[in-house]
Structure formats: C-alpha cells, structure tokens
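Q: Could you take a close look at one part of this structure for me? I would like to see how a single sheet is put together and what lies against it.

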Amino acid sequence: MTTLTLQLTIDCAEPRRMVAFWSEALGYVPEPPPGGHATWREYWADMGVPAEELLPGVGETPESIVDPEGQGPRVWFQQVPEAKATKNRLHLDLKVGGGRDVPVAVRTERVTATVDRLKEAGATVLRIMDEPGMEYYAVVLQDPEGNEFCVV
C-alpha cells in the first residue's frame, strides 16, 4: 500500500501575494526550493520542465507554503493566466473558536481577533454569521484574490 499525502493547489494570478497572505492566515512558512536550488524555477528546469510551460516569473519566489510542524498539507499557489470567475466550490474553514464546548462569547472574541489580523493582511469581510439563538459565530471572508473562506 502506498502512503497518501495531501497537497492543496490554489489557482491564482499572484503567487507571491497569496504566499504572504496564507502564510499569515495558517501560520505556515514559504517552502524553500529543494536540493540547494536557488529558486523553484531552477529546480523545475533541472527536472526537465520545458521553459515554455513556465509563465514569466513563475518559480522565482516561493509559490508554496508548508506547516512548520509538518502536520498540515502543503499548499501550492499555481499561477494561471485566467482570473477567478465564479464562487469557489471548495473553501477553507479556519477553526479558531474552540468548538461548541467553548462559550459563544469566547468563540466570538477569538474569531474577531483572527478576522482583524487577516483584514490587516488583505482579507475582505463578506458576511458575519451570528443568527440570534443559534449560539454560533463565524465570519465569511475573501482572500486577496477573491477566494472565500470562513473563520469559525
């Protein structure tokens, strides 16, 4: 049986911007190029990727992020020429509140602090989900390229 690893790939226009934002959001770090290569582009060239398959600038700076603890999946921001056109069909939930065993007031404080930090990093708030009587609090945001995610 083979070992399964998970990589999340996000299409984007500006990998450098996305690496900076999502490193902040997830507590990840930019992934250095492997094997002593100066850049990912140099690594890919050594691996035989034809130059015509690489958009200008691709691989000159880190385009992936990794969990410094080695627990979470690698995230690769793949530069593509087309812009995001519709609502994403997959989104991330950043679960910072602590779950239903934590009082909603405490969860709200934790979510709000994270949302404030991510707004400073370039996120935009779309909506707040806090229906009366539900004992629930979450915020839907967009990253700098318009991909939706939730802080719960």
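A: Happy to; here is a walk through the sheet, the helix across it and a few points on its surroundings. Please keep in mind that this is a predicted model.

Let's start with the strand order. The sheet is open and has four strands, arranged β1-β4-β3-β2, and the pairing is mixed. Because β1 (7–12) and β2 (29–30) each have a single partner strand, they stand at the edges, and one side of each has no neighbour in the sheet.

At one of these edges, β2 pairs with β3 (residues 64–66) in the antiparallel sense, over two bridges. Within that pairing, Val 29 has Val 66 of β3 as its bridge partner.

Next comes the helix. α1 spans residues 15–26 and lies across β1, β2, β3 and β4. Relative to β4 (74–79), helix α1 runs at about 155°.

The cysteines are worth a glance too. Cys 12 is buried, with a relative accessible area of 2%, and β1 covers 7–12. Cys 150 also counts as buried, at 9% relative accessibility. The structure holds zero disulfides.

Finally, some wider context for the sheet. An unreviewed UniProt entry lists residues 7–152 as "domain: Glyoxalase-like". Over that stretch, the chain is 25% helix and 24% strand, and the C-alpha atoms at the ends of residues 7–152 are 23 Å apart.

Methods: Residues numbered from 1 in each chain as written. Predicted model: local features only at pLDDT ≥ 70, side-chain atom pairs only at ≥ 80, totals over all residues. Heavy atoms only, no water. Pairing = 2+ DSSP bridges. Contact = heavy atoms within 4.5 Å. Axes fitted to C-alpha atoms, helices over the stretch in contact; angles between N-to-C directions. Disulfide = S-S within 2.5 Å. Buried < 20%, exposed > 50% of the residue type's maximum accessible area, 1.4 Å probe, protein only. UniProt positions renumbered as here; feature names shortened; annotations may be inferred.
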